[in-house]
Amino acid sequence: MFIKFLRCMCIAIVFMTANSYAAERVIEDYKIKGINGDLEKNVALYLKQLKGEKPTRTLQRYAKSQVQKSIKALGYYSPTVEVEFDKDDSELVVKIERGPATRIDAINITLNGEGKNDSQLQTLIKNSNLKQGDVLNHGNYESAYKKIESMLLELGYFDAKWPARKLEVSIKKNSAVVTFVINTGVRYQYGSIEITSDTPAEKYIRSLSPFTQGQPYKSTYIADYNLELSSTPYFASVRVYADITARKNAQVPIKVEVVPKPANSFEIGGGVSESEPRFRFKWSKPWITEDGHYLDTNMNIAEKQQDLSMAYTVPVDDPNDDLWRFSVGYKLEDELADDVYSEILTAQLQRQWLTEEKWVRTAFLRRDQETYRLGDDPEESTEMLMPGISYARKSLKGGTTPYWGEQWLISAEFGLDDVLSSTNLLRVQLQHAWLRTYLNKHLVFLKANIGAMLVDDINNVPYSLRFYAGGDQSVRGFAYQSISPENDDGELIGGKYLLAGTMEYNYQFAQNWRAALFVDGGTATNDFSDEFEVGAGFGFRYLTPVGPVRIDHAWGLTKDSKSTRLSITIGPEI
């Protein structure tokens, strides 16, 4: 009896040990045989989810079912699938024969209603991913439906119906028929603009509208309107939307909700540039008179540089681009560039407006009073009264962290020694920046800066108007304004001409991080005999809601010293 009991105990222990061992085993990997390309990738998406699961018969059946579904989604409705475990049940092996492909035999898309002859809808349908004769792809089918549905809403067909939306598959014939029947209904027009909150800026809210009542609806104009209002100095938040539920008589009202900024707002910030800590303070008063006059003041303080500015703006029709502005400022640089001291008082009157080609045109009259000292030379005092004009244009996508952008700035100004100026001078400058992103992770940034002066003697030109290169916004790896012609004493005196450029590549390797490689080059010269300096380096970009934090480490490749320079700046490239 005891021997029988002992035998039963041994059998039980072996059984429990085996079960315990089996319970500990999990799927660690998978292998797909018999297919490749998109089919293999689609199957892999399902199998990845099974890692860490226990190798049971239930899992085996489930895996076979999921594999069959993933293959059918790409147009193969009669696959042969075998699923087994290998390598001590830790690897899932899937053998597949995909079988014949199901191809699209016919595509029947019918538009009824006002949208029947809509060119934008017709172009979208023509360019869809659904093509007769192609292997059926369920993803393309769903994508075509969603794109048409989205376009209907974008163009204001808010009553659109789908009497038929079906995909008919014949397994016997290995064919499919796609059928869309769409009753678009009427295309709605913009209705009245309804401002839901009391605001003194109502005149500007209405004047900035990019559409008029009765114009055919298009949602992109709503987004543009929201951006224009958000760019004004008056509002802390803006929301513009079409009130679709209140539509009637073929028009949809446009609701505008704004939250005004406080009577006084303040911003405090800082950073590090050229290894020097900086402090920034801004005070804004967004609504001074009933006509929307506003005031901005800025103060930037660092050990070697301080500047203070104040601008009073009078809108004409558009508070963003059609305005008068009067500004005054003070700027001090003390050894920011080696052996240079500069102190400037400036006042400027501007008239700014937008051209039909969307350039911001600014005509200005500026008065500068400057005292400066270069090296051991005695202090010089200059004065300039300079009328001028500039054209600027900037396009961005991506907000504070743009993934696409382009920027232009063209300016010209002059002074006459007979009219409150120290010398006759004509100064022109061209700046261009270009930014693109490829495959979501690869960002390319290019920048060029060209300047020239027509003047008899560079020594008669105020220090602030001379051209220099070098620094974290110019040729990285070189000190601020260290690229310049020199006089007989080796002092940097600035040049009549400037040529500088940047090539930068960013790779986004994590959600909020990019790695950067860059090459900068430039020269400031009086006769183009000066060397073209080159700097290069690497950096990182940490993406934040207020823009990327840019950390760069650069070498001046053409300078005698092999020292490097570190800089930290906050804000987008453009």
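This text goes through a helix pair, an annotated domain and two buried acidic residues in a predicted model.

Toward the start of the chain, the helix pair consists of helix 2, residues 37–47, and helix 3, residues 57–72. Their axes lie 9 Å apart and make an angle of about 145°. The crossing of helix 2 and helix 3 is right-handed. Helix 2 contributes Leu39, Asn42, Val43, Tyr46 and Leu47 to the contact, and helix 3 contributes Gln66, Val67, Ser70 and Ile71. Sorted by character, six of the residues in this contact are nonpolar and three are polar, with no charged residue.

Next comes the annotated domain. An unreviewed UniProt entry lists residues 109–185 as "domain: POTRA". In the model, this stretch is 32% helix and 30% strand. The C-alpha atoms at the two ends of residues 109–185 are 16 Å apart.

The remaining two stops are single residues, each in a strand. Glu370 belongs to strand 16, which covers residues 360–374. Is Glu370 buried or exposed? Its relative accessibility is 2%, so Glu370 counts as buried, the cut-off being under 20%. The side chain of Glu370 has a polar contact, at 3.2 Å, with the side chain of Ser342. Ser342 is also one of the residues in contact with Glu370 once neighbours within four places in sequence are set aside. The others on that list are Glu343 and Ile344, then Glu380, Ser381 and Thr382, and finally Pro462, Tyr463 and Ser464. As for distance along the chain, Asp317 is 53 residues from Glu370, and the C-alpha atoms of the two are separated by 35 Å.

Asp520 sits in strand 22, residues 513–525. Asp520 counts as buried because its relative accessibility is 0%. Which side chains make polar contacts with the side chain of Asp520? One is that of Arg476, at 2.7 Å. Another is that of Thr502, at 2.9 Å. Both residues appear among the contacts of Asp520 when residues up to four places away in sequence are not counted. Arg476 is listed there with Ser474 and Val475, and Thr502 with Gly501 and Met503. Glu533, Val534 and Gly535 complete the list for Asp520.

Taken in turn, then, the two acidic residues are each buried, Glu370 at 2% and Asp520 at 0% relative accessibility. The side chain of Glu370 is in polar contact with that of Ser342, while the side chain of Asp520 is in polar contact with that of Arg476 and with that of Thr502.

Key
Residues numbered from 1 in each chain as written. Predicted model: local features only at pLDDT ≥ 70, side-chain atom pairs only at ≥ 80, totals over all residues. Heavy atoms only, no water. Helix = DSSP H or I, 4+ residues; strand = E, 2+ residues; numbered from the N terminus. Buried < 20%, exposed > 50% of the residue type's maximum accessible area, 1.4 Å probe, protein only. Contact = heavy atoms within 4.5 Å. Polar contact = N/O pair within 3.5 Å; in protein donor to acceptor, adjacent residues only side chain to side chain. Axes fitted to C-alpha atoms, helices over the stretch in contact; angles between N-to-C directions. Left-handed = near helix turned anticlockwise from the far one by under 90°. Nonpolar A, V, L, I, M, F, W, Y, C, P; charged D, E, K, R; others polar. UniProt positions renumbered as here; feature names shortened; annotations may be inferred.
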